[in-house]
Protein chains: 2
Amino acid sequence: MRERYAEELRKLNCSIVSMGKMIEIAIQSSVLALMGRDRDAAAQVSKNDDAINAMERDIESQCMRLLLHEQPMATDLRMITAALKMITDMERIGDHAVDIADLVLSIPDCTYGRMCEIEEMSSEIIGMFDDAIQSYIGKDYNKAKNVIARDDVIDELYHSIKKDLVERIRQTDDGETILDYLLIAKYIERIGDHATNIAGWVVFALTGERE
Amino acid sequence: MRERYAEELRKLNCSIVSMGKMIEIAIQSSVLALMGRDRDAAAQVSKNDDAINAMERDIESQCMRLLLHEQPMATDLRMITAALKMITDMERIGDHAVDIADLVLSIPDCTYGRMCEIEEMSSEIIGMFDDAIQSYIGKDYNKAKNVIARDDVIDELYHSIKKDLVERIRQTDDGETILDYLLIAKYIERIGDHATNIAGWVVFALTGERE
């Protein structure tokens with residue numbers, strides 16, 4: 001009985017890691033599509049989103065089964081509850097990757113000079129997301145807290161891009177396309193928020209305290 | 001047996017109408033909060049979102065029960081499947097109302113002259129959303145098709161606002177706050193997309209054809 005329970009918990013962890021990988025690929029592909037102006041890659045992100053949504057449902061069922069049939073206690077109970085909440089944030093990150101990919105498909109060719117800042121922001125959020133998932137799997141409190149602290153860096157980068165975009169709109173004739181880059185930066189910033197939420201759930205799972 | 005089934009279908013419709021009302025209030029409150037710069041109203045939208053999410057789960061369970069236990073056929077089967085898909089779009093509309101309310105809380109006081117256009121856009125999407133829900137309840141094909149046709153109006157309004165924002169950024173010192181209005185217009189435009197999706201599901205329920 002307990003063996004089956006341990007096995008199911010292991011399976012839940014594997015599923016979370018898999019879903020995490022799928023989402024990481026979605027973010028990376030949407031950013032690469034943006035950098036390389038690759039329409040095929042962008043279209044692929046939307047197609048893969050169905051698999052991410054299906055994965056969320058699957059993990060949700062696993063959590064429900066564990067909660068209802070195994071009646072877990074203390075940390076286990078909180079780990080499963082946290083998983084149930086985390087997957088909503090994970091799924092939303094997938095949606096924002098699709099939002100970015102959709103914009104790549106609609107933006108006319110245009111070179112926005114501060115691409116490197118958007119790239120920096122996206123590397124940062126991919127790192128945060130990866131660490132948030134790892135902190136769950138490794139039950140690593142410090143790693144989770146570190147993710148939460150890094151959200152300020154993302155906010156700063158977002159505001160710097162925002163300020164720069166205003167300048168660029170004043171200097172160029174193609175202001176409307178520039179505005180689309182604001183939306184992209186905003187989606188990346190929101191991905192950072194969701195990664196921070198995930199880390200917050202890990203802290204809850206490990207300590208019982210909500211940030 | 002059949003009586004209980006009919007009763008459950010009626011209950012499903014009532015739940016969809018209730019969830020629709022909750023979402024309509026969320027959109028209206030977030031737009032009113034924006035117009036009146038009412039921070040309390042904006043904060044309330046976020047709080048009410050949990051109830052909308054819970055309602056989505058409840059309707060999902062109702063649909064699942066009907067699908068698994070009653071084995072509905074033809075139009076009934078499609079109506080229930082459509083409900084299952086529609087509630088995802090409905091829940092996302094609720095999220096965008098929260099997105100708007102969150103921006104109201106973060107935007108410093110600033111008078112953006114084209115508020116009336118944002119108000120026009122939001123009246124239009126509230127009407128579309130209301131009609132989409134009504135078309136489901138009344139099994140009204142023409143009403144659903146009409147919602148889908150109106151999405152172009154929203155897109156035009158969005159592009160007009162976007163063009164205007166570029167101009168305003170060039171003329172004002174407070175360009176960054178102006179950018180937040182772009183995000184608001186974008187969220188409203190996305191609400192229009194989701195209302196259109198809902199109407200698309202109604203067309204599917206009634207005809208078996210996906211738009």
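I superposed copies by least squares on the C-alpha atoms of residues with pLDDT of at least 70 in both. By that fit, chain B is laid on chain A with an RMSD of 0.0 Å, through a turn of 180° and a shift of 0.0 Å along the axis. The two copies are thus related as by a two-fold rotation axis. In chain B, I found that Arg170(B) has the C-alpha nearest the axis, 2.4 Å from it.

I note that this is a predicted model, in which local features need pLDDT of at least 70, side-chain atom pairs count only at pLDDT 80 or more, and totals for chains, interfaces and linings use all residues. Residues are numbered from 1 along each chain as its sequence is written, chains are lettered from A and ligands numbered from 1 in the order in which they are written, and side-chain values use heavy atoms, without hydrogens and water.

I looked up the interface next. Taking contact as heavy atoms within 4.5 Å, I find 24 residues from chain B and 24 residues from chain A. Of the interface residues of chain B, 100% are also interface residues in chain A, so the copies meet through the same surface. The buried area (accessible area, 1.4 Å probe, that two parts lose on being put together, summed over both) is about 2,200 Å², and carbon and sulfur atoms give 49% of that. Arg170(B), Glu176(B) and Leu179(B) supply 25% of the area that chain B buries against chain A, more than any other three residues.

I then consulted the annotation. The unreviewed UniProt entry records "domain: PhoU" over residues 16–104 and 118–202 of chain A; positions follow the numbering used here, feature names are shortened, and annotations may be inferred rather than shown by experiment. With helices (H or I, at least four residues) and strands (E, at least two) taken as DSSP runs, numbered from the N terminus, residues 16–104 of chain A are 94% helix and 0% strand. Residues 118–202 of chain A are 93% helix and 0% strand, with the end C-alpha atoms 28 Å apart.
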